[in-house]
Amino acid sequence: MSATKDKWLKYRFLKKYEQLAPYVPGTKLMSKSALWKLISKYRRVILKPVRGSRGRGIIQVSSIGGHTYALHFENVKINIQGKENTYKYIQKKIGSTRYMIQRRIARPTIGGCPFDMRVIIQRKENSRKWKVTAKIAKVAGRGYVVSNNERSKGRLLPVKTAIRKSTIHHLSSTRLQSKMKRVSLRAARRLRGLFPRHRIYGLDVGFDLKGHPWIIEANLYPSMSHFLKLKDRTMYRRIMAYKKR
Ligand SMILES: Nc1ncnc2c1ncn2[C@@H]1O[C@H](COP(=O)(O)OP(=O)(O)O)[C@@H](O)[C@H]1O
Ligand SMILES: [Mg+2]
């Protein structure tokens, strides 16, 4: 079983590093007790397959009071009464797939749709210096939790534009972007301990409503599709040039 796709392994490795811990949302492996514990702590959680990708199998679970729980997957929202029924429903939906439970980050929205970022970080061969070579804001399609572009039929925006159009437009986009960069570079340096030869990461980074950056996940084989979709190929060309050396 390859480690590169194991979200639980990467999560633990990042979270263990003191300088990153405040930027990594609390996560536990799926179990009945862990689910109710995290829901009582955070009210909303995200369930995700340990080896998932492209937003597949992601379920948001929220406690909405009166012993009612709201489930949100794809563009579907349902309410279920009581813990027993809720857990049974989830179990049936996830089957024998290994899942984890993550604190849900309340992300800023644009016209009601949440967004987070894809940040590409690279280093050249024989170099220890990491660089952010590309970044883009992924706005979830209407009604979706996940911002994965294909799955949610979302849109892509320059990060600065996304911030300006969003519910955190009152925060400085320069400051937000430099916080995002600092945390992303820290994550890449840390991951070297797990993947010593690796030279590229695609991080999913989300701001919360206070502008605090959170590392949602670290991809070792980030898709180029986001940057190929842009008319301006500057970022795509920079990524490719970095890959060569
Ligand atoms: N903890 C979270 N809080 C808020 N949104 C999340 C959280 N985890 C995932 N998401 C949303 O779901 C998307 C997919 O989750 P992710 O962990 O990146 O798995 P995948 O491998 O399927 O892309 C993220 O890009 C983000 O839009
Ligand atoms: Mg992702």
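**Charges, a metal site and two backbone angles**

Q: Where in the chain is R98 placed?
A: R98 sits in the loop between α3 (83-94) and β6 (99-103), where helices (H or I, at least four residues) and strands (E, at least two) are DSSP runs numbered from the N terminus. The model is predicted, with local features needing pLDDT of at least 70, side-chain atom pairs counting only at pLDDT 80 or more, and totals for chains, interfaces and linings using all residues. Residues are numbered from 1 along each chain as its sequence is written, chains are lettered from A and ligands numbered from 1 in the order written, and side-chain values use heavy atoms, leaving out hydrogens and water.

Q: Why is R98 called partly exposed?
A: Its relative accessibility is 44%, and this value falls between the limits for buried (under 20% relative accessible area) and exposed (over 50%), with a 1.4 Å probe and protein chains only, so the term for R98 is partly exposed.

Q: What makes K5, R12, K16, R51, R54, R56 and R98 a patch of positive charge?
A: These seven gather on the surface, and patches are made of residues with over 30% relative accessible area and no salt bridge, like charges being joined within 9 Å. Lys and Arg count as positive, and the place of the charge is taken as NZ of Lys or CZ of Arg.

Q: How do you know that D204 and E217 are donors of the magnesium ion (ligand 2)?
A: D204 (OD) and E217 (OE) lie 2.1 Å from the ion, and donors are N, O and S atoms within 2.8 Å of the metal (3.2 Å for Na, K and Ca), so both qualify, although water is not among the atoms and sites may look incomplete. D204 belongs to strand β11 (residues 200-207) and E217 to strand β12 (residues 213-219), so the pair ties together parts 13 residues apart in sequence.

Q: Why are D204 and E217 described as buried or exposed?
A: D204 has 6% relative accessibility and therefore counts as buried; E217, at 14%, counts as buried too.

Q: What makes the contacts of D204 with R118 and K138 salt bridges?
A: A salt bridge requires a side-chain nitrogen of Lys or Arg within 4 Å of a carboxyl oxygen of Asp or Glu. R118 and D204 meet at 2.9 Å, N to O, linking strand β8 (residues 113-122) to β11 across 86 residues. K138 and D204 meet at 2.8 Å, N to O, with K138 in strand β9 (residues 131-139), 66 residues from D204. R118 is buried, as is D204, and K138 is buried as well.

Q: How do you know that E150 and K229 form a salt bridge, and where do they lie?
A: Their closest N and O atoms are 2.6 Å apart. E150 is in helix α4 (residues 149-152) and K229 in the loop between α7 (225-228) and α8 (234-244), 79 residues apart. E150 is exposed at 58%, whereas K229, at 40%, is partly exposed. Elsewhere, bridges that share partners join R107, D116, R118, K138 and D204 into one network, and the count of salt bridges comes to eight.

Q: What makes the phi angles of H67 and E74 worth noting?
A: Most residues other than glycine have a negative phi. H67 has a positive phi of about 60 degrees although it is not a glycine, and E74 has a positive phi of about 45 degrees. H67 lies in the loop between β3 (59-63) and β4 (68-73) and is exposed at 63%, while E74 lies in the loop between β4 and β5 (76-81) and is partly exposed at 32%.

Definitions and conventions: Patches are made of residues with over 30% relative accessible area and no salt bridge: like charges are joined within 9 Å, nonpolar side chains (Val, Leu, Ile, Met, Phe, Trp, Tyr) within 5 Å. Accessible areas come from the Shrake-Rupley method with a 1.4 Å probe; for residues, only the protein chains shown count as cover.
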